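Thanks for making the time this morning. I would like to walk you through one model, taking the strands first and the relation between the chains afterwards, so please have it open in front of you.

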2 protein chains.
Amino acid sequence: MSEFRKDLLNQKWTIVASGRKTRPSDFKGEDESRKICSFCEGNEKLTPPETFAFRDATTGPDVPGWQVRVVPNKYPALDPSEILLQSKVDFYEVMSGFGAHEVIIEGPNHDISLSNISIDQLEKILKTYILRYQHWSGNPHLKYILIIKNQGCFAGASLEHSHSQLFATPLIPAKVLEELAFSEEYYKKYKSCLYCDVIEREKSEQVRVVLENECFIAFCPYASRFPFEIYLLPKRHLSLFEDISKREESQLALIMKELFTRLNYALDNPPYNYFIHVSPANTTPPFYHWHIEIIPRLSSTMGGFEWGTGIFINSVKPEDAACVLRDVKLDQ
Amino acid sequence: MSEFRKDLLNQKWTIVASGRKTRPSDFKGEDESRKICSFCEGNEKLTPPETFAFRDATTGPDVPGWQVRVVPNKYPALDPSEILLQSKVDFYEVMSGFGAHEVIIEGPNHDISLSNISIDQLEKILKTYILRYQHWSGNPHLKYILIIKNQGCFAGASLEHSHSQLFATPLIPAKVLEELAFSEEYYKKYKSCLYCDVIEREKSEQVRVVLENECFIAFCPYASRFPFEIYLLPKRHLSLFEDISKREESQLALIMKELFTRLNYALDNPPYNYFIHVSPANTTPPFYHWHIEIIPRLSSTMGGFEWGTGIFINSVKPEDAACVLRDVKLDQ
């Protein structure tokens, strides 16, 4: 059982999950290679029952024969069976850990990565994203749906087998509220979408663009917080991921595959995080533009300065990072 | 040469430092043990000239005979010789990397830590903090002075020899602005200091308190973002660290030594970050209360969920963490 707790000094919510880890030895890394992978085909019984799968028509749930498989997280940070209660304030503020936390297993084989799977498989993953957005946005108590990916243990992945995660929360996260506020302010002032204008600027400057195709553009942001940070945006102004067209779906699969291939070549298969920012569930504010932020984890990104200020120190100019990624020679 | 760049989408400043690292191999860890430590006594010529030291009266600068030594960072994120320019906006906003970045070497021997040095030595370190705050607050262009410590390479320390760092910035960092805003709002509403009230609450509940003495209290915050996170606060309402009394100085040394000893026993010498939050340079707003935040780095703290939401998932209840730290049996 987990709960949302709000810090009074910085007004931020934390999810305090059930006290599974309290002994120091619990924080020592485990030798994962010696364990059986619960995400591999054939080990379906090791996960909670699947909530969705792309699978062969002749197969039932929780057996082999799937291409993408969605299961509740075995150790969920948030749980849809919790009762949603109004937050209680007794000096400190607390709220039950109601929400959802799913794992999207990106393929049946252990050694897949976003750069070595087929475009067809990548499209199935993206289609799964869309379907899970649609599923959870049907719950009126869930205000926000976030899909993320942690790749590599240094990036926070506890299992090696390639997977994404979906979180649905009863509140709109602070980072999203900030982006909504800034983009609304810009929209009111300039009668224009901030994200569309940034895309235009990057296209005209060309120094930070890594890659683009008909429907998407990827660039290293002007004030990149991390070496080789990348923003991936749809060129069409759209606030919800689930509203992308069939054409955009396949264009996104294409640009993602090339982008992660370039990152892996240039940086030797780096650990990374990405997350997809969309507008709050069932809303389509005219000023918001969904996007993916990709953070390669090349070094310890947070020190006392970053925690204390919120300012990051980045030793690689985004112009240089974009150049390195553009210059990667891909196999023909 | 570095510069402050502001991101348009999240309105956050980043310091983009000179492009020292661009090749992938630059991000591979170096075997530090094979190098000569430039912070050790006898190697004073390997650092930039010292800006302050507690040293034997018979010795001159940059030679052995010191107890605490302050030098400019060899690879400064910010530089006082940069010209401070008004920020320029040409779609994106940029500002020169004016500021200060110093290293406070906490003792002449390589193997010191905050838990194995004498109280006398710890007092000299804290006295050095005070003197450097006073030094940099004399520069009217510097709006904020932050002292931090990164302990261990996993916590972002690039050198093993125990040291703190001081940053002085021409702007007030976002995290500090937030705390100022929240505490001012509370002060206006309740005619009381938010931090003083949190201390009272923690003292009355007692479940999250780790340690206290006459002048200081250390507790695991109610909404701890990280396992074993600790807030260390002076009981006396005071907004600037440099205004602590002689008595508080020695009480702070005592509580810090015990606190880090307990952390090291309980968590096997964990890497950690701490930072000192004070009010902006030369200001003493009645609602702000300086404090130290200590973040043990027990696991990869940031994944896609944390980056995307600003919400942390903490698997250790602060009540349990405080209990573990209180229960440590110290050597007699």
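Let me start at Asn314(A), which stands opposite Val16(B) in β2(B). Please keep in mind throughout that this is a predicted model. The pair belongs to a pairing across the two chains, in which strand β15 of chain A, residues 312-314, and strand β2 of chain B, residues 13-16, run in the parallel sense and are joined over three bridges.

If we now turn to the sheet that includes β2 of chain A, how many strands form it, and in what order? There are five, and they make an open sheet that reads β5(A)-β6(A)-β1(A)-β2(A)-β15(B), with mixed pairing. At the edges lie β5 of chain A, residues 88-90, and β15 of chain B, residues 312-314, each of which pairs on one side only. From one strand to the next, the twist averages 30°. Within this sheet, β1 of chain A, residues 3-6, and β6 of chain A, residues 92-96, pair in the antiparallel sense over four bridges, and there Arg5(A) has Val94(A) as its bridge partner in β6(A).

Next, I would like to look at another strand of chain A, namely β12, residues 230-234. Why can we call β12 of chain A largely enclosed by the rest of the structure? Because five of its five residues are buried. Ile230(A), Leu232(A) and Pro234(A) point one way from β12(A), while Tyr231(A) and Leu233(A) point the other way, and all are buried.

As for its partners, β12(A) pairs in the antiparallel sense with β11 of chain A, residues 216-219, over four bridges, with Phe216(A) standing opposite Pro234(A). β12(A) is also joined by three bridges to β14 of chain A, residues 291-296, again running antiparallel, and in β14(A) the bridge partner of Ile230(A) is Ile294(A).

Finally, the two chains together. Chain B can be laid on chain A with an RMSD of 0.0 Å, by a turn of 180° and a shift of 0.0 Å along the axis, and the two copies are thus related as by a two-fold rotation axis. In the contact between them, 74 residues of chain B meet 74 residues of chain A, and the residues on the side of chain B that touches chain A divide into 40 nonpolar, 19 polar and 15 charged. Since 100% of the interface residues of chain B are also interface residues in chain A, the copies meet through the same surface.

Notes: Residues numbered from 1 in each chain as written. Chains lettered and ligands numbered in written order. Predicted model: local features only at pLDDT ≥ 70, side-chain atom pairs only at ≥ 80, totals over all residues. Contact = placed C-beta atoms within 7 Å. Nonpolar A, V, L, I, M, F, W, Y, C, P; charged D, E, K, R; others polar. Pairing = 2+ DSSP bridges. Axes fitted to C-alpha atoms, helices over the stretch in contact; angles between N-to-C directions. Buried ≥ 20, exposed ≤ 12 C-beta atoms within 10 Å, placed from the backbone. Least-squares fit on C-alpha atoms with pLDDT ≥ 70 in both.
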